[in-house]
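Okay, thanks for squeezing me in. I'll put the structure up and then talk you through the surface and a pair of helices.

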Amino acid sequence: MSAAGPSAAGRTVAEYRIEDLAHASGATVRTIRAYQDRGLLPTPERRGRSNVYRDTHLTRLRQIADLLDRGYTLASIKELLEAWDTGRGLGGVLGLVAEVHGPWTDERADRITRADLEVRFGGHPDDEAIAEAVELGVLERIPGRDDEFLVPSPQELAVAVELYAAGVPLSAISGHLWELRGQVEQIASRFLEFTTEHVFARYLGHRPPTDADAAEAASMVRRLRPLAQQTVDAELARAMRTFATRHLEHHLSADGPFAPQSVAPPPMPVALPIGTITAVERLVGRDKAAAFIAAAAEREVQTRTLDTLAPPPVNSPIVDQKG
């Protein structure tokens, strides 16, 4: 059990054996000893044959747990805690961490029952589709509730419902979302690199940042957070208008009613190298190799089609012709 011992000022301070500290902090005894070995915890007081821990150790364990939950590695946590111990402070750093981990959208998560989910998607149970939605993160399982799911983005689920009602199969919707997610992650990564290079490098150029620099960086995150979404929204609207207009003009100018099978010439057999086929079979299995190759070819054709429709890049600089 924890005990109280006298302090230099005459006040009592909490004292813990390692088992008591583990119980109070939620960490295991083994974890506490590992943190000591890595220098993450202050050295405990040696009293006889036992180590004595105090509230400072409990506070430090809670700080470590919080930073681990936020995605920091133990090496990074050690740097941050060393800065704290040398008087540089953690307030600004933790504020920056909280700002980055805060919500990046005004949308609120919702819940949906399995029965309601089935009604929205045709009224028939589909365990495979639900498993795919969980893997995508469109749905999240709630511990102890097999008949209810958390919906992180109700808007995203609503889009899937509308597409399904319009006749798009669930497998096509999930495949499209996987592809779209990869493209959006590239945009997010590029925007982060861009803002880090031109904005945040001045605040985060040293590790760990000072308390003041971290606080200033947190303020910049609040200001710049909506810019990525606003930019993507504007560019997506522009691109959709451009491509939709071209598609409509193409279909309206065709002779007779539009028939999807008349747009493309009949498929031609293509001979693939034996090495390529063997590699695909090793990757996905012989029974799935043909479908995999067909899907890859279709995606390549779609990509090249979009590249053809896209306006050519402007390489020449804009020249001011006034004057």
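So, the exposed surface of the protein comes to about 23,000 Å², and carbon and sulfur atoms supply 57% of that. Keep in mind that this is a predicted model. On the burial side, the protein has 323 residues, of which 22% count as buried.

As for the fold, there are 13 helices and seven strands. If you take contacts between residues at least 6 apart in sequence, 55% join residues at least 24 apart.

Back to the surface for a moment. There's a nonpolar patch of about 370 Å², and the residues making it are I187, V232, L236 and M240. Which helix gives the most to that patch? That's α10, residues 211-253, with three residues. I187, on the other hand, lies in helix α9, which runs over residues 170-204. I187 counts as partly exposed, because its relative accessibility is 44% and that class sits between 20% and 50%.

Now, staying with α9, let's look at its packing with α7. Two packed helices are described by the angle between their axes and the distance between the axes. For α7, residues 127-136, and α9, the axes come within 11 Å and cross at roughly 10 degrees. Angles under 35 degrees count as roughly parallel, so α7 is roughly parallel to α9.

And who's touching whom? From α7 you have A129, E132, E135 and L136; they meet L170, S174, L177, W178 and R181 in α9.

Note on methods: Residues are numbered from 1 along each chain as its sequence is written. This is a predicted model: local features need pLDDT of at least 70, side-chain atom pairs count only at pLDDT 80 or more; totals for chains, interfaces and linings use all residues. Side-chain values use heavy atoms; hydrogens and water are left out. Patches are made of residues with over 30% relative accessible area and no salt bridge: like charges are joined within 9 Å, nonpolar side chains (Val, Leu, Ile, Met, Phe, Trp, Tyr) within 5 Å. Accessible areas come from the Shrake-Rupley method with a 1.4 Å probe; for residues, only the protein chains shown count as cover. A salt bridge is a side-chain nitrogen of Lys or Arg within 4 Å of a carboxyl oxygen of Asp or Glu. Helices (H or I, at least four residues) and strands (E, at least two) are DSSP runs, numbered from the N terminus. Buried means under 20% relative accessible area, exposed over 50%, partly exposed in between (1.4 Å probe, protein chains only). Contact means heavy atoms within 4.5 Å. Axes are lines fitted to C-alpha atoms, for helices over the stretch in contact, and angles run from 0 to 180 degrees between N-to-C directions. Angles under 35 degrees count as roughly parallel, over 145 as roughly antiparallel, 65 to 115 as roughly perpendicular and the rest as oblique.
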